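Reader: Please take me through the ligand site in detail. I would like one connected account, with the aromatic residues included.

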Amino acid sequence: MAKTERVGVYPGTFDPTTNGHMDIIRRGARVLDRLVIGVAVNAGKGPLFSLDERVEMVRDEVAALDDPNIGAIEVKSFDSLLVHFAEAEKAGCILRGLRAVTDFDYEFQMAGMNARLNPDIEILFLMASENHQFIASRLVKEIAALGGDISSFVSEAVAQRVNERLGRPDLQAVNE
Ligand code: ADP
């Protein structure tokens, strides 16, 4: 019998994509045959980047991944219930990243609710790597808006997009 393809979805807002997200994507893609990154519309969070921009940003970051041991990665947007998105992608699991204790409460609740909605879909948590533990999209935006250097939290390409969006041409020059 043919081995069943291991498919997972990794949902998030990715506003912007950080090194922490990319670490979870790379590690997740190492244990899955196909990883579908679901960029959530999440208008409620008032994102800095439009949905199309965030999809493009994640796609560019994924294209730059250089790891021979990773499975296929796709990037899609979704505006439905997460479990419905996972079902449509025939995913057996939902991948999430966990930073310290602050993420736990929210993730614990989300995992419980999603398990009720579809008990066949496992929620898979990967601990944030030590050097990415403190990276959060929200803080990246706050630091950039106040003129701080975000180059150790995001890729060069993302830093440029964020600084451009926040009108920090002085920092773009520094990054070039
Ligand atoms: P959401 O709106 O779902 O919180 P995010 O884009 O902020 O979307 O995060 C998507 C997922 O990535 C979440 O599971 C989050 O915990 C995880 N994540 C975010 N930043 C990091 C990081 N630095 N290290 C590990 N996981 C992270």
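Author: What follows goes from the ligand and its surroundings to the aromatic pairs. The model is predicted, and the values below are computed from it.

The space that the ligand takes up is the largest pocket. Around the ligand stand 18 residues, of which Y10, T13, K45, G97 and H132 come nearest. Three elements each supply at least two residues of this shell: the strands β1 (7-12) and β4 (93-98) and the helix α1 (19-31).

Oxygen atoms of the ligand come close to polar atoms of the protein in several places. At F14 the partner is a polar backbone atom, 3.0 Å from a ligand oxygen. At H21 the partner is an N or O atom of the side chain, also at 3.0 Å. The side chain of R96 likewise has an N or O atom 3.2 Å from an oxygen of the ligand. On its own the ligand has 550 Å² of accessible area, and the protein covers 91% of this.

Y10 and F14 bring us to the aromatic residues. The structure holds 3 aromatic pairs. In one of them, the ring centres of Y10 and F14 are 5.5 Å apart and the planes meet at 70 degrees; an angle over 60 counts as edge-to-face, so this pair is edge-to-face. Buried means under 20% relative accessible area, so Y10, at 5%, is buried. F14 has 1% relative accessibility and therefore also counts as buried.

Another pair, F78 with F85, is stacked, with 4.5 Å from centre to centre and 10 degrees between the planes. Both F78 and F85 are buried.

Definitions and conventions. Residues numbered from 1 in each chain as written. Predicted model: local features only at pLDDT ≥ 70, side-chain atom pairs only at ≥ 80, totals over all residues. Heavy atoms only, no water. Phe/Tyr/Trp six-rings, centres within 6.5 Å; stacked < 30°, edge-to-face > 60°. Buried < 20%, exposed > 50% of the residue type's maximum accessible area, 1.4 Å probe, protein only. Near = heavy atom within 4 Å. Polar contact = N/O pair within 3.5 Å; in protein donor to acceptor, adjacent residues only side chain to side chain. Areas by Shrake-Rupley, 256 points an atom, 1.4 Å probe, with all protein chains shown as cover. 1 Å grid on protein atoms, 1.4 Å probe; cavity = no way out; pocket = protein on both sides within 12 Å on 5 of 7 lines; lining within 4 Å. Sits in = over half its atoms within 2 Å of the grid points. Helix = DSSP H or I, 4+ residues; strand = E, 2+ residues; numbered from the N terminus.
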